[in-house]
There are 2 protein chains.
Amino acid sequence: MSRSIFKFEKTIGIRSCAAVVGELEFKGPLKKYFDLSSQDSKFGMDTWEKAEAEMVRQSAEVAIKKAKLAANEIDLAFGGDLTNQCASTTFGIKEQYIPYLGLYGACSTFALSMGLAAMSIECGLAQTTLSVASSHFCSAERQYRFPLEYGCQRTPTAQTTVTGAGCVILEENDKAKIKISEFLPGIIVDAGITDANNMGAAMAPACADTLLRYFSQTTKKPEEFDAILSGDLGLEGKRILRELCSSAGLDLSDRYFDCGELIYDVNSQEVGAGGSGCGCSASVFSGYIASQLREGNMKDVLLIGTGALLNPNTVLQKETIPGVAHLVRIQKEKI
Amino acid sequence: MSRSIFKFEKTIGIRSCAAVVGELEFKGPLKKYFDLSSQDSKFGMDTWEKAEAEMVRQSAEVAIKKAKLAANEIDLAFGGDLTNQCASTTFGIKEQYIPYLGLYGACSTFALSMGLAAMSIECGLAQTTLSVASSHFCSAERQYRFPLEYGCQRTPTAQTTVTGAGCVILEENDKAKIKISEFLPGIIVDAGITDANNMGAAMAPACADTLLRYFSQTTKKPEEFDAILSGDLGLEGKRILRELCSSAGLDLSDRYFDCGELIYDVNSQEVGAGGSGCGCSASVFSGYIASQLREGNMKDVLLIGTGALLNPNTVLQKETIPGVAHLVRIQKEKI
């Protein structure tokens with residue numbers, strides 16, 4: 001029983017999704033799946049932090065509108081981001097007057113928010129929920145690394161924080177076609193990585209831990225899913241994850257993808273090892289994957305949100321970088 | 001239905017609690033209720049941030065030991081703190097290898113972690129959970145305000161961040177004597193406060209919102225509870241909360257207390273307007289209140305965790321300080 005894959009008994013459907021991204025993401029291969037974008041990195045605001053909050057606000061507004069709901073019909077909102085004290089989410093949703101449970105899971109936040117939202121519906125606390133996560137290249141860069149003006153050169157394993165926000169409205173609905181069917185919470189795994197420019201290596205062991213626990217409890221094989229999506233390991237982490245799983249006897253097959261690789265053209269867009277940040281898996285799922293599920297191109301997807309649990313202080317204090325990875329399964333139609 | 005008080009159907013009992021505090025807190029009136037304390041503000045570590053993680057580790061270790069459990073018998077841990085990216089909680093529990101869902105609710109985190117843990121038991125995801133929250137005066141002071149060496153003079157409304165951590169183990173247990181019976185998630189309320197030295201004023205409107213929503217949905221009156229505990233408004237916030245509730249027709253009666261007032265002798269300990277920080281309500285509840293429930297001195301308690309959702313950037317960028325307040329009801333024996 002304990003720590004096993006949690007299978008939702010209620011039919012918890014995705015009622016609507018919305019994704020808002022920045023210019024670089026809008027120039028990438030997933031362009032047509034995003035609802036809104038801005039050529040202005042400040043989204044009309046006077047700071048990057050306020051820009052990130054504005055993306056949160058816009059993504060929630062669009063998702064609520066698509067769901068044909070009013071904000072007061074949402075019972076509970078779950079969300080978080082990378083800015084200190086998750087301020088972007090606070091300021092992005094504070095005008096809506098929706099009960100709000102704040103989360104922190106670094107880049108795993110979006111999967112975490114979907115898992116917990118589904119749990120709140122399963123237990124009857126809510127009927128309709130909102131999950132949102134965001135990140136902004138500029139607010140993250142200056143908080144975690146250097147002032148942008150410094151023009152720091154990046155290492156090959158460094159990922160690019162996605163400027164984006166994604167929002168999903170879940171509801172209890174027996175007739176739902178796309179539903180959250182399973183949730184497997186992640187365990188913190190510390191592989192001893194200390195390089196803050198190699199988050200992929202820090203997160204891959206936690207992702208492997210979650211995937212190995214998942215596949216040890218199910219008869220399904222990786223190739224039976226339409227997509228196994230990590231969010232977001234980047235190219236380096238993806239390579240390490242494949243190796244870790246392979247050495248444990250799990251072949252992730254050609255169905256394994258990483259949101260940080262999907263969102264950019266990694267060959268032409270100068271994004272290092274690919275995308276990262278809470279907004280990466282949030283916008284890739286809410287935009288691209290949700291669309292593939294709606295259109296029937298995908299019917300069974302595992303989303304594994306992967307977070308690197310560091311802050312600039314812990315790095316300066318020579319701590320290692322632990323990772324965590326939360327898994328949610330999303331299926332089209334009934335099994 | 002929607003947004004109403006959530007009443008747990010399962011009997012979700014408190015199996016054990018532990019509280020770890022610093023020297024100032026151990027010199028206060030609740031001294032005998034705390035499990036561990038240290039005269040060394042660094043708890044044997046080399047930084048204050050690591051000291052806070054050590055308090056988290058100790059409080060979890062003691063609570064697990066008191067519960068006569070092994071860490072691998074805990075299905076799910078919920079926690080968070082005030083340090084950037086909730087790093088104290090990460091580093092405090094990473095050795096335990098327990099599935100971990102990270103939260104951010106500022107000083108409301110402990111009540112949030114209890115509400116969500118109970119929810120995870122209610123829906124069947126977990127049978128046994130751990131909720132933990134912490135804060136440290138020194139890590140908070142230098143992160144939110146000034147370097148300690150600066151010796152900044154404080155305003156009369158400023159609260160003192162509690163050095164402490166509290167941990168509660170919940171379980172599904174029909175025979176439990178002390179149980180979490182209700183949960184009412186808070187809504188972000190922004191009253192336009194901009195003074196970062198007056199968190200009480202920023203949080204009181206959110207606390208009033210939650211209490212007014214609670215009492216509008218129940219026939220119970222404040223005087224029928226043994227304690228209505230805000231955590232942590234301090235003296236100024238407490239005064240404002242009484243006024244806000246009173247003007248809305250709700251008399252909080254003599255059963256209303258604030259954890260930030262209880263933990264110190266506010267007249268002699270030079271703590272300004274009282275205690276604050278995630279560790280305040282966490283240690284006051286896990287130490288003092290849990291003991292009162294066990295001994296039968298209290299039988300029906302409302303804990304309203306109150307959080308001020310700011311960060312140093314949002315203050316510098318002239319944003320207001322929104323608040324949020326999550327309510328959990330804890331009862332002795334069956335109703």
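This dialogue walks through the contact between two chains and some backbone features of a predicted model.

Biologist: What should I know before reading the values?

Modeller: The model is predicted: local features need pLDDT of at least 70, side-chain atom pairs count only at pLDDT 80 or more, and totals for chains, interfaces and linings use all residues. Residues are numbered from 1 along each chain as its sequence is written, chains are lettered from A and ligands numbered from 1 in the order in which they are written, and side-chain values use heavy atoms, with hydrogens and water left out.

Biologist: How many residues does each chain bring to the contact?

Modeller: Contact means heavy atoms within 4.5 Å. Chain A brings 64 residues, and chain B brings 64 residues.

Biologist: What area do chain A and chain B bury between them?

Modeller: Interface size is often given as the accessible area lost when the parts come together. Here buried area is that loss (1.4 Å probe), summed over both parts. Chain B and chain A bury about 5400 Å², with 62% of it on carbon and sulfur atoms. Arg3(B), Gln85(B) and Tyr97(B) supply 15% of the area chain B buries against chain A, more than any other three residues.

Biologist: How many salt bridges are there between chain B and chain A?

Modeller: A salt bridge puts a side-chain nitrogen of Lys or Arg within 4 Å of a carboxyl oxygen of Asp or Glu. The count between the chains is two. One of them joins the side chains of Lys94(B) and Asp190(A), at 2.6 Å, N to O.

Biologist: Which helix of chain B gives the most to the side that touches chain A?

Modeller: Helices (H or I, at least four residues) and strands (E, at least two) are DSSP runs, numbered from the N terminus. Helix H4 (residues 109-122) of chain B gives the most, with five residues.

Biologist: Now the backbone. What is the usual pattern for phi and peptide bonds?

Modeller: Most residues other than glycine have a negative phi, and most peptide bonds are trans. In chain A, a cis peptide bond joins Gly231(A) and Asp232(A), with omega about 15 degrees. Asp232(A) lies in the loop between strand E9 (227-231) and helix H7 (234-247). In chain B, Gly231(B) and Asp232(B) are joined by a cis peptide bond, omega about 15 degrees.

Biologist: Where is Glu270(B) found, and is Glu270(B) buried or exposed?

Modeller: Glu270(B) is in the loop between helix H8 (259-262) and strand E11 (275-276) of chain B. Its phi is positive, about 50 degrees, although Glu270(B) is not a glycine. Buried means under 20% relative accessible area, exposed over 50%, partly exposed in between (1.4 Å probe, protein chains only). Glu270(B) is exposed, at 78%.

Definitions and conventions: Buried area is the accessible area (1.4 Å probe) that two parts lose on being put together, summed over both.
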